[in-house]
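Reader: I would like to go through this structure by question and answer. Please show it first.

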Amino acid sequence: MSDQPDVPGIKRYDSPAGGWGALNATARAVREQMDAFVAPITLLRTNQPDGFDCPGCAWPDKEHRSTFQFCENGAKAVTWEATKKRVPPEFFEKHTVASLLKWSDYDLENEGRLTHPMAYDRATDTYQPISWEAAFARIGDVLRSLPDPNQAEFYTSGRASNEAAFLYQLFAREYGTNNFPDCSNMCHEATSVGLPKSIGIGKGTVSLEDFDQCELIIAMGHNPGTNHPRMMGTLHECARRGVPIIVLNPLRERALERFADPQDALEMITFGSTDIASSYHLVKVGGDAAALKGVQKALLALDASTHSDGTVIDHAFIAEHTIGYEEFVDDINQTEWADIESESGLSRKALESIALAYSESNATIVTYGMGITQHSKGTSNVQQIANLLFMRGNIGKAGAGICPLRGHSNVQGNRTVGITELPSNEMLQRIEDTYGFVPPSHHGHDAVRAMQAILAGKSRVLMCLGGNFAVAMSDHEQCFPAMRTLDLSVFVNTKLNRSHLLVSQESIILPCLGRTELDAQEAGPQAVTVEDSMSMVHASRGKLPPASEHLRSEPAIVAGIAQATLPASKVPWFELVADYDRIRDGIEKVFPDFADYNERIRKPGGFRLPLPPTERKWTTPSGKATFIPFRGLRTSPESVGENALTLTTIRSHDQYNTTIYGLDDRYRGVFGRRDVIFMNEEDMRLRGLKHGDVIDLETALPGNRKRRLTGYTAITYKIARGSIGAYYPEANVLVPLDYIDAESGTPSYKSVPVTVSRAA
Ligand SMILES: Nc1nc2c(c(=O)[nH]1)N[C@H]1C(S)=C(S)[C@@H](COP(=O)(O)OP(=O)(O)OC[C@H]3O[C@@H](n4cnc5c(=O)[nH]c(N)nc54)[C@H](O)[C@@H]3O)O[C@H]1N2
Ligand SMILES: Nc1nc2c(c(=O)[nH]1)N[C@H]1C(S)=C(S)[C@@H](COP(=O)(O)OP(=O)(O)OC[C@H]3O[C@@H](n4cnc5c(=O)[nH]c(N)nc54)[C@H](O)[C@@H]3O)O[C@H]1N2
Ligand SMILES: [Mo]
């Protein structure tokens, strides 16, 4: 890019990921947010057996030996929560909601921790302090006044502990609804819906030990250097052991190319690094299903070749453990190479090379993230990965399996303890047996349906246990005004965000403790529990003094609301909250997989929930692992308009979902700004654009409303042809609310047809 014009804030970044850059950034995060004295102790407690679980990501720790102290983005998550900055009532006194709406997401959260319960006052357009009891009473009054409990929505973001999430679903169910929109609906829902049909359970099957034994890793659609930073330690180890790592990603991501482990003294001293990817394939955005079909096709050909004589495919595994193979093979045979190449953007030769490497590995793990799930065929994408693994018996074998990279640190746990809009009869029966009320059995709303119900005026109350629902959702131009039409919105949060400012008839902010903080209840300091990406459940104990004496824990807030809403409740809310062991006893009764819950979490490292596929037990309707063919190749609908490109929306290195820690995206060479569009040089040339041109984007899907993002700077990047990238959440304005994966309801945030033009 040497002959490129200079563009402000865009610089080449030639260093490996990790290394000294990461240590510097960690130091900066500490300096900007925390007391220099408290910070080191806090960071050292992260992911220690008696410390707290890092709120940064859901990657497990080996034997719970923390490798945390050098994890840059973990440090950002911790320091952002444990910041010394505060948002007291005086702050709200000084700033009207109208004025705060002009602030950036970064500025809003960077003000610090919320300290008091606050209620919106329309006369002054400000939030005013309210007592906890008055807030609970008001919420109870409004909820009780609804003619139908299904007019309330109970959103959860995956940071909530098992204890908080369990109480929350118990409350909403006793109140009378299964409306559980959840961040998971925007995230790994394609996994939760797709994998049970393939393998019987909607979770990953590998453990960290499998990475010690694997012979090949295929990494698809995730960016671990930024989003699963502790996974880099594992990948680094594997790469050093000589395990090939094949990457499919439309963008060149530095951490997947080269990484210097800050814990490796030699690498640090010598400014060395380790190559991570053995081969890197710039698959088209949305081209994964086609790429996987290509690999499958090449694998079938290898198996049929005289040389291998039917030893490439694990025919014994397929015969004993699976159904649907013939139909699956038929579909692959009908798929033409020319179509596979044009849809995936990868050459037949490249896909054959992946198949060859796969055929030579005795134990393969496929890891994947949002690049696979957030498509209109996300569920099928996930099932294609399972199909590929079945072909060589790579599930239920040491060193092999499927590894979805979960998002929020406890998003998987929330699901396990009952946050679901589609409750099973078994769970409902057990709730009834345990607590003595009959929970509703009809299906409730997921995230998109909840927002649609709010838009239609059918849902009147929105309660949010964490998160930033309106901003995380697609289609801000529709969703933001919809929030204002509610009778009541309630936000349990640690920090101020834009959802709070889209005030309803009434809005209440309830400030809660974070993971890092001491949670003292009647029986003394409490531990909460979380489940990581590998189904390990363990305790988390905060130690820091709370950000304000007025904060309450999430379980206590849920209990307060529940008691005020349901005065005749069958659940002894305050008794449960006095000692979280009692909440866990309840979880164990409703979910028998948690047998001896309290005992088992007292052991360092906790315990693993049962994963039948690891023993080749398939809890599918047929009792077998199931090949599910993917008909056709396209993962997004035909675009309208000429010359459309496919937009993917991604996270920068300085962000946690809608939380913007800073304005840099170091590894992609972007500094101090987020208003950029990553484009392939050839795609730019064909449109008469050059590096640094200011452009407008418009969604190219059928429909009559124009969705535009204007005044963004196009920059050349190593990205697959036909694909462009922009940051989430800014680009959410381009994603129609109903543009979803029909099977799982997941918004197709990662394949939006758009046209680009020079800015007007
Ligand atoms: N620091 C930090 N950590 C986080 C988060 C965070 O925002 N910041 N978020 C948390 C949450 S909730 C989640 S869900 C995870 C998200 O973790 P990721 O899944 O890694 O998140 P994304 O940034 O959305 O990016 C996905 C990657 O997929 C690639 N990609 C985009 N489109 C496609 C495609 O069509 N095909 C393929 N193969 N790849 C594609 C992008 O180039 C990018 O490298 O991380 C969690 N951890
Ligand atoms: N275009 C596009 N949109 C996306 C995505 C994408 O890739 N592209 N990704 C989607 C995904 S994967 C997800 S998971 C969603 C994320 O959606 P959410 O989970 O709703 O959003 P977050 O940004 O993680 O929530 C941030 C807020 O959480 C609060 N918070 C932080 N810690 C705590 C805590 O301990 N307790 C409580 N109660 N509150 C806390 C803070 O107040 C902060 O403002 O966004 C989705 N939206
Ligand atoms: Mo997520």
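Author: One definition before we start: UniProt positions are given in the numbering used here, and annotations may be inferred rather than shown by experiment. This is a predicted model.

Reader: At which residues does UniProt place the feature "domain: Molybdopterin dinucleotide-binding"?
Author: The name comes from an unreviewed UniProt entry. In the model, the span is 6% helix and 33% strand, and its end C-alpha atoms lie 6 Å apart. The record places the feature at residues 645–753.

Reader: Which helix gives the largest share of the largest nonpolar core?
Author: The core has 61 residues. Those with the most contacts inside it are Leu143, Phe154, Phe171 and Leu510. Nine residues of this core, the largest share, come from helix α8.

Reader: What does Leu510 touch, leaving aside its neighbours within four places in sequence?
Author: Contact here means heavy atoms within 4.5 Å. The partners of Leu510 include Pro117, Val490, Phe491, Val492 and Asn493. Also among them are Trp132, Ala135, Phe136, Ile139, Ile557 and Ile561.

Reader: How many residues are in the second, separate core?
Author: Leu195, Phe317, Val382 and Phe627 are included in this second core. Its count is 49 residues.

Reader: Is helix α9 enclosed or open?
Author: Buried means under 20% relative accessible area. In α9, the buried residues are Glu189, Ala190, Thr191, Ser192, Val193, Gly194, Leu195, Ser198 and Ile199. That is nine of the 11 residues in the helix, so α9 is largely enclosed by the rest of the structure.

Reader: Which elements do the buried residues of α9 pack against?
Author: Two strands on the list are β13 and β14 (401–404). The helices α20 (370–373), α21 (378–391) and α22 (411–416) are also on it. The list is completed by β23 (625–626).

Reader: Which residue follows α9, and what is its phi?
Author: The helix covers residues 189–199. Gly200 comes next, and its phi is positive, near 100°.

Reader: Which residues of strand β7 are buried on each side?
Author: Five of the five residues in β7 (216–220) are buried. Ile217 and Ala219 cover one side. On the other side are Leu216, Ile218 and Met220.

Reader: Which residues are the bridge partners of Met220 in β13 and β8?
Author: β7 pairs with β13 (364–368) in the parallel sense over five bridges. It pairs with β8 (245–248), also in the parallel sense, over four bridges. In β13 the partner of Met220 is Tyr368. In β8 the partner is Leu248.

Reader: Around ligand 1, which residues come nearest?
Author: There are 31 residues around ligand 1. Those that come nearest are Glu253, Asp288, Arg651, Gln655 and Asn657.

Reader: How far is a polar side-chain atom of Glu253 from an oxygen atom of ligand 1?
Author: Nitrogen atoms of ligand 1 have polar partners too. One lies 2.8 Å from a backbone N or O atom of Asn227. A nitrogen atom of the ligand is also 3.2 Å from a polar backbone atom of Gly371. For Glu253 and the ligand oxygen, the distance is 2.6 Å.

Reader: Which residues are closest to ligand 2, and which one has a polar side-chain atom 2.6 Å from a nitrogen atom of the ligand?
Author: The closest are Glu109, Tyr155, Glu554, Thr658 and Asn732. An oxygen atom of ligand 2 is 3.1 Å from a side-chain N or O atom of Gln374. A backbone N or O atom of Asn468 lies 2.9 Å from an oxygen atom of the ligand. The residue with the 2.6 Å contact to nitrogen is Asn732.

Reader: Is Asn657 buried or exposed?
Author: Asn657 sits in the loop between β25 (655–656) and β26 (659–660). Its phi is positive, about 50°, although it is not a glycine. The relative accessible area of Asn657 is 15%, so this residue is buried.

Reader: And Phe271: buried or exposed?
Author: Phe271 is in the loop between α14 (265–269) and β10 (274–275). Its phi is near 55°, a positive value in a residue other than glycine. Phe271 has a relative accessible area of 66%, so this residue is exposed.

Reader: What is the omega of the peptide bond from Tyr728 to Pro729?
Author: Pro729 lies in the loop between β30 (723–727) and β31 (752–758). The bond is cis, with omega near 5°.

Note on methods. Residues are numbered from 1 along each chain as its sequence is written. Chains are lettered from A and ligands numbered from 1 in the order in which they are written. This is a predicted model: local features need pLDDT of at least 70, side-chain atom pairs count only at pLDDT 80 or more; totals for chains, interfaces and linings use all residues. Side-chain values use heavy atoms; hydrogens and water are left out. A nonpolar core is a set of buried Ala, Val, Leu, Ile, Met, Phe, Trp, Tyr and Cys residues joined through side-chain atoms within 4.5 Å. Buried means under 20% relative accessible area, exposed over 50%, partly exposed in between (1.4 Å probe, protein chains only). Two strands pair if DSSP finds at least two bridges between them. A residue is near a molecule or strand if one of its heavy atoms lies within 4 Å of it. A polar contact is a pair of N or O atoms within 3.5 Å; within protein, one must be able to donate a hydrogen and the other to accept it, and residues adjacent in sequence count only if both atoms are side-chain atoms.
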